[in-house]
Every structure is written in C-alpha cells, then in structure tokens.
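Let's take a walk through a protein chain together. Keep the picture open and turn it as you read.

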Amino acid sequence: MYSAEVLFLDRFLSEHNVRVVPDAGAHYPAYAMATGKALLAGLDNEQIWAMYGQGTLERLTPTTLSTVDKLIAQLDVIRTGGFAYDIEEHALGSCAIGLPIGIF
C-alpha cells in the first residue's frame, strides 16, 4: 500500500542559526516535499496517476506543483539521476533537496 503523504519520524537539527525543522509526526503531501518526491520517484507513472488522479494537486503555497503532469515531469528527471527539490512548495521561505537512494 502506498501513501500520498510523507510522515517525518525524526529529523537532523542543523547547527546554523536559521533552520527549518519539520515536526516529527507531521504529515505533508509527498508531492510538495523533496523527500516525498524522492520516494515517489520509486513508483511508476501509473502508480502516481492512481495515487493522485487526473485532477489538480492541492497547493500549499503559490509554488506548489499544481498538476500531476508537472509532478511526473519532475519525477522523470529524478529517475534519470537528478535530485528532488522543494523550492517553497510546502512552506514559504523553506527549500530542500533530496536524493532517492537505493529505491531503484
């Protein structure tokens, strides 16, 4: 069974003065998070369509991906050796990168 959300069980706290810390136990849409996109890249496009359907995606910020087509385009890049990113997609002022490691 696949989930359309990412559950943060733990996190690494940076020593920098300014940092973004996801709440442990918080749920976020996978398509709006670098870690979620890295995980989604391990699924094929049919599974992505089954998970999200043909409609639009809920936008958490103005830069959140708005369609499954845009999500799949990013996932295709990740699958070919790219990295997952989130540029203010789940929270304004917050950016992240992620890599799918060992899921292919």
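Let's start with a bit of vocabulary: a residue is called buried when its relative accessible area is under 20%, exposed when that area is over 50%, and partly exposed in between. Keep in mind, too, that what you're looking at is a predicted model.

Now for the overall layout. The chain has three helices and four strands. If you follow the sequence from start to end, you meet these elements in the order β-β-α-α-α-β-β. The chain is 104 residues long, and 38% of those residues count as buried. The chain also brings distant parts of its sequence together: take the contacts with a separation of 6 or more, and 54% of them come from residues 24 or more positions apart.

Helix 3 is a good place to zoom in. Helix 3 covers residues 68-79, which makes 12 residues, and at 1.5 Å a residue that should span 16 Å. The C-alpha atoms at its two ends are indeed 16 Å apart, so the expected span and the model agree. Which residues of helix 3 are buried? They are Val 68, Leu 71, Ile 72, Gln 74, Leu 75 and Ile 78. Try looking straight down the helix axis: these buried residues fall within an arc of 160 degrees, so they line one face of helix 3. Turn to the other side of the helix and you'll find Asp 69 and Val 77, which are exposed. And what covers the buried residues of helix 3? The cover includes helix 1 (34-40), helix 2 (45-52) and strand 3 (84-87).

Stay with helix 3 a moment longer and look for Arg 79. Is Arg 79 buried, exposed or partly exposed? Its relative accessibility is 25%, so Arg 79 counts as partly exposed, by the cut-offs we began with. Arg 79 also has a charged partner: Asp 76 forms a salt bridge with it, and the closest N and O atoms are 2.8 Å apart. Because Asp 76 and Arg 79 are three residues apart in helix 3, about one helical turn separates them. Asp 76 is partly exposed as well, with a relative accessible area of 35%. Arg 79 shows how folding brings things together, too: Ala 38 is 41 residues away from Arg 79 in sequence, yet their C-alpha atoms are 8.7 Å apart in space. Just after helix 3 comes Gly 81, which takes a positive phi of about 105 degrees.

How many salt bridges does the structure hold? There are two, and we've just visited one of them, between Asp 76 and Arg 79. In the other, the side chains of Lys 37 and Glu 89 meet, with 2.8 Å from N to O. Lys 37 lies in helix 1, while Glu 89 lies in the loop between strand 3 and strand 4, so this pair ties together parts that are 52 residues apart in sequence. Are these two partners buried or exposed? Lys 37 is buried, with a relative accessible area of 0%, and Glu 89 is buried too, at 3%. Glu 89 has plenty of company: leaving aside its neighbours within four places in sequence, its contacts include Tyr 31, Ala 32, Leu 60, Thr 61 and Leu 65. Gln 74 is also in contact with Glu 89, and you may remember Gln 74 as one of the buried residues of helix 3.

Right beside Glu 89, have a look at Glu 88, which is found in the loop between strand 3 and strand 4. Glu 88 has a positive phi of about 55 degrees, although it is not a glycine. With a relative accessibility of 28%, Glu 88 counts as partly exposed.

Let's finish on the outside. The chain exposes about 6,600 Å², and carbon and sulfur atoms supply 58% of that. Which residues make the nonpolar surface patch of about 530 Å²? Phe 83, Tyr 85, Ile 87, Ile 97 and Leu 99 do. One of them, Ile 97, lies in strand 4 (residues 95-98). At 66% relative accessibility, Ile 97 counts as exposed.

Key: Residues are numbered from 1 along each chain as its sequence is written. This is a predicted model: local features need pLDDT of at least 70, side-chain atom pairs count only at pLDDT 80 or more; totals for chains, interfaces and linings use all residues. Side-chain values use heavy atoms; hydrogens and water are left out. Buried means under 20% relative accessible area, exposed over 50%, partly exposed in between (1.4 Å probe, protein chains only). Contact means heavy atoms within 4.5 Å. Accessible areas come from the Shrake-Rupley method with a 1.4 Å probe; for residues, only the protein chains shown count as cover. Patches are made of residues with over 30% relative accessible area and no salt bridge: like charges are joined within 9 Å, nonpolar side chains (Val, Leu, Ile, Met, Phe, Trp, Tyr) within 5 Å. A salt bridge is a side-chain nitrogen of Lys or Arg within 4 Å of a carboxyl oxygen of Asp or Glu. The expected span of a helix is 1.5 Å times one less than its number of residues. The arc is that of the directions from the helix axis to the C-beta atoms.
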